[in-house]
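Dear colleague,

Please find the structure below, for your files. My notes on it follow.

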Amino acid sequence: MTQEEDIAAEAAAEANRPTHSGFVALIGPTNAGKSTLVNRLVGAKVSIVSHKVQTTRAIVRGIAIHDNAQIVFMDTPGIFKPRRRLDRAMVTSAWGGARDADLIVLLIDSERGLRGDAEAILEGLNEVRQPKILLLNKIDRVNREDLLALAAAANEKIAFERTFMISAENGSGCDDLMDYLAKTLPEGPWYYPEDQISDLPMRQLAAEITREKLFLRLHQELPYASHVETEKWEERKDGSVRIEQVIYLERDSQKKIALGKGGETIKAISTASRKELSEILEQPVHLFLFVKVRENWGDDPERFREMGLDFPK
């Protein structure tokens, strides 16, 4: 057989390999590193990240291709003990995502271990039928003996199919995880085009980018109750895009914080958001931010729909 025939035979064999696809729900306590991990596995930013707890509010789907598999990661809100209506909607969304997935991945912060919300999540997972794997994140910050003890304690509570030790920050262990997922997900056609990395509409992603910059700038001063919506998106003849967004807050005192002295804070948020949006869209962006006070927006069904959440009664 000639070299050309060998190449043709290999190509034919590759074309005949069955494809795999499926949905993988990432669940865990708040700030366990789920959004950082999804962005790393997808290879692009599809979910916003900040040090503020409960940053992710609705399920974000990031789509990765590995070997012959399309893996759809569902970045769910962190699971915690809800106190407000928005909290209840987020936690309900997270558990709903878990029940809709082909495989559930529980992400645990190795430094925090099984304390608090992690313990409650393990109990809740007993009621979910899907196969489950355990990820211990931030392993570069914990010694090996403690990691092994943590893995053993978690596996005593849940029959995990596999346990992986990773660092979402530096990528350690992520290749092994992707190899496992690609082989484990069921055979079937891909759900999305090969070049699609998220199902999040661009208007919503733009709002999420601005909300991230808002949190990063004001995570200590500004309360949790803030929301961003993209109200206008205009493609211009010169190849640029004009975007208008509204930041909703609950009180006038919060508005002063968001604006800053002489508008300095809102300008910095706008600049950071515009820069990242220009890179993502690969075109010039003209971003205009407006700050509005809407008391008790957390009880407005329309705001929940904008966030992709069901409004809890």
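**Aromatic pairs**

The count of aromatic pairs comes to two. One of them is formed by F23 and Y191, which are tilted, with 55° between the planes and 4.9 Å from centre to centre. F23 belongs to strand β1 (residues 20-27) and Y191 to the loop between α6 (174-184) and α7, so the pair ties together parts that are 168 residues apart in sequence. The two rings sit in unlike surroundings: F23 is buried, because its relative accessible area is 17% and the limit for buried is under 20%, whereas Y191 counts as partly exposed at 46%.

Please bear in mind that this is a predicted model.

**Overall**

The protein has ten helices and nine strands. It has 313 residues, of which 51% count as buried. Taking contacts between residues at least 6 apart in sequence, 71% join residues that are at least 24 apart.

**Helices α8 and α9**

Two packed helices are described by the angle between their axes and the distance between the axes. For helix α8 (residues 252-259) and helix α9 (residues 264-281), the axes come within 5 Å and cross at roughly 60°. That crossing makes α8 oblique to α9. On the α8 side the contact is made by I257, A258 and L259, and on the α9 side by E264, T265 and I266. Sorted by class, the contact of α8 with α9 has four nonpolar residues, one polar and one charged.

**T210**

Which side chains make polar contacts with the side chain of T210? One is the side chain of Q245, at 2.5 Å, and another is the side chain of S273, at 2.7 Å. T210 itself lies in helix α7 (residues 202-218) and counts as buried, because its relative accessibility is 0%. Leaving aside neighbours within four places in sequence, T210 is in contact with V228, Q245, I269, S273, L287 and L289. Q245 and S273 therefore appear both in that list and as polar partners of T210, and the cut-off for a polar contact is 3.5 Å.

**Q130**

Q130 is placed in the loop between α4 (117-125) and β5 (132-137). Is Q130 buried or exposed? At 3% relative accessibility, Q130 counts as buried. The side chain of Q130 reaches the backbone oxygen of A101 at 3.3 Å. Q130 and D100 are 30 residues apart in sequence, with 8.9 Å between their C-alpha atoms.

**Positive phi**

Most residues other than glycine have a negative phi. Two residues to look at here are D67 and K138. D67 is not a glycine, yet has a positive phi of about 55°. D67 is found in the loop between β2 (60-66) and β3 (69-75), and at 53% relative accessibility D67 counts as exposed. For K138, also a residue other than glycine, phi is positive and near 65°. K138 lies in the loop between β5 and α5 (144-157). Unlike D67, which counts as exposed, K138 counts as buried, because its relative accessibility is 18%.

Regards

Methods. Residues are numbered from 1 along each chain as its sequence is written. This is a predicted model: local features need pLDDT of at least 70, side-chain atom pairs count only at pLDDT 80 or more; totals for chains, interfaces and linings use all residues. Side-chain values use heavy atoms; hydrogens and water are left out. Axes are lines fitted to C-alpha atoms, for helices over the stretch in contact, and angles run from 0 to 180 degrees between N-to-C directions. Helices (H or I, at least four residues) and strands (E, at least two) are DSSP runs, numbered from the N terminus. Angles under 35 degrees count as roughly parallel, over 145 as roughly antiparallel, 65 to 115 as roughly perpendicular and the rest as oblique. Contact means heavy atoms within 4.5 Å. Ala, Val, Leu, Ile, Met, Phe, Trp, Tyr, Cys and Pro count as nonpolar, Asp, Glu, Lys and Arg as charged, and the others, Gly among them, as polar. Buried means under 20% relative accessible area, exposed over 50%, partly exposed in between (1.4 Å probe, protein chains only). A polar contact is a pair of N or O atoms within 3.5 Å; within protein, one must be able to donate a hydrogen and the other to accept it, and residues adjacent in sequence count only if both atoms are side-chain atoms. Rings of Phe, Tyr and Trp (its six-membered ring) pair if their centres lie within 6.5 Å; planes under 30 degrees apart count as stacked, over 60 as edge-to-face and the rest as tilted.
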